[in-house]
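Here is a friendly set of questions and answers to read alongside the structure. Take a look at the fold, then follow along.

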Amino acid sequence: MIRKGILFTLLITLFSRMLFSWGFHAHKRIIQMAIFTLPQEMILFYKSNMLQLEEASVQPDIRRYVMEEEGPRHYIDIDVYGDSAVFTFPREWSAAQEVYSRDTLLANGIIPWAIRWTKRELTTAFKQGNGAAILRYSADIGHYIADAHVPLHTTHNYNGQFTGQEGIHRLWETRIPEIESEDYTFWVGNATYIANSKARIWEVIESSHLKVDSVLQIEKQLSESFSEDRKYAYRKTGKTEKRDYTEAYAKAYASLLNGMVERQMQASVKLIGDFWFTCWVDAGQPDISHLKILSDRYLEKVQIKDSLRIPSQRSGLHN
Ligand SMILES: [Zn+2]
């Protein structure tokens, strides 16, 4: 009986966590706009595979339902390790494993390393001239980079569950972009080379984590000035009707956040372009213009298959 209870709690925790990520719409938009940061030598291949790339960009969230190892790649509950852990946490996977067990690291999320391991796979894909793998890992790294820009992906209180704000996760990363992102601008300039990818990723985690307090506090204050019936309404999505935040409430929150959601989406676009470009440069700037456009069926082959390898404790992956 006790075991069943624990299993049930575990499943609920697992599944409720699974639901959180930028909405599919936002992920697709981010990945699409990242294409336009690329140099001439790269853009043709990406543009001709834009639809496949957009579809692939939401696959990591779909994989979470069928593959246990996928879940932790989308977040890091850095505050579990202490108040200022975001600044002091070991940046290397091997160093982190010397302090914490692998299980602890996996339980609290591994997004910074998931980005680096995917970077390695993408670089290899470029070196091999493997078009399907280039798209697959471009989409995966794009997904993880976008998730790393969501402040609530860096905290244990990821859905306001400890502060009476359940639902805030969806409000910030799905409801606001749904309503507003068509009006966002995504001209973020050209992709540039990242000399130190480890430092760059952790800068993003730090910056996202520093926004957590505002994200929570601003919503808390706002909710005091909104009655329940102005805050929530039933909304039809497909065939079902669900209770959701009203447009008025989402807009009021977005306005108090002063453009934060738009800025985080823009920063995601830029950094995704930077990582794609960096992997291509590190691979020796291969000619990818001759790689063929992939059929929609390529997705069937890649969506469940997983080949991201987590290094063992002592293996020296320091790139
Ligand atoms: Zn995600």
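## Around W276 and its helix

Q: Which residues does W276 touch, not counting residues up to four places away in sequence?
A: Keep in mind that this is a predicted model. Leaving out residues up to four places away in sequence, W276 touches I31, A34, I35, L38, M42, Y46, L53, L122, F126, S138 and I141.

Q: Which residues have the most contacts inside the largest nonpolar core?
A: The largest nonpolar core has 87 residues. Two of the residues that W276 touches, Y46 and F126, are named here together with W276 itself. The residues with the most contacts inside this core are Y46, F126 and W276.

Q: Which element gives the largest share of this core?
A: The core in question is the one with 87 residues. Eleven residues make up the largest share, and they come from α16.

Q: Is α16 largely enclosed by the rest of the structure or largely open, and how many of its residues are buried?
A: A residue counts as buried under 20% relative accessible area. Helix α16 is largely enclosed by the rest of the structure, because the buried ones among its 23 residues number 17.

Q: What distance does α16 reach from its first C-alpha to its last?
A: Helix α16 covers residues 260–282, which is 23 residues. At 1.5 Å a residue, 33 Å is expected. The model comes close to that, with a reach of 32 Å.

Q: Where is N258 found, and is this residue buried or exposed?
A: Phi of N258 is near 55°, a positive value in a residue other than glycine. Most residues other than glycine have a negative phi. N258 sits in the loop between α15 (247–256) and α16. With a relative accessible area of 58%, N258 is exposed.

Q: What phi does G284 take, just after α16?
A: G284 comes just after α16. Its phi is positive, at about 95°.

Q: What is the relative accessible area of Q285?
A: Q285 lies in the loop between α16 and α17 (298–302). Its phi is near 50°, a positive value in a residue other than glycine. Q285 is partly exposed, and its relative accessible area is 44%.

Q: How many helices and strands does the protein have, and what share of its residues count as buried?
A: The protein has 17 helices and two strands. Of its 319 residues, the share that count as buried is 53%.

How values were computed: Residues are numbered from 1 along each chain as its sequence is written. This is a predicted model: local features need pLDDT of at least 70, side-chain atom pairs count only at pLDDT 80 or more; totals for chains, interfaces and linings use all residues. Side-chain values use heavy atoms; hydrogens and water are left out. Helices (H or I, at least four residues) and strands (E, at least two) are DSSP runs, numbered from the N terminus. The expected span of a helix is 1.5 Å times one less than its number of residues. Buried means under 20% relative accessible area, exposed over 50%, partly exposed in between (1.4 Å probe, protein chains only). A nonpolar core is a set of buried Ala, Val, Leu, Ile, Met, Phe, Trp, Tyr and Cys residues joined through side-chain atoms within 4.5 Å. Contact means heavy atoms within 4.5 Å.
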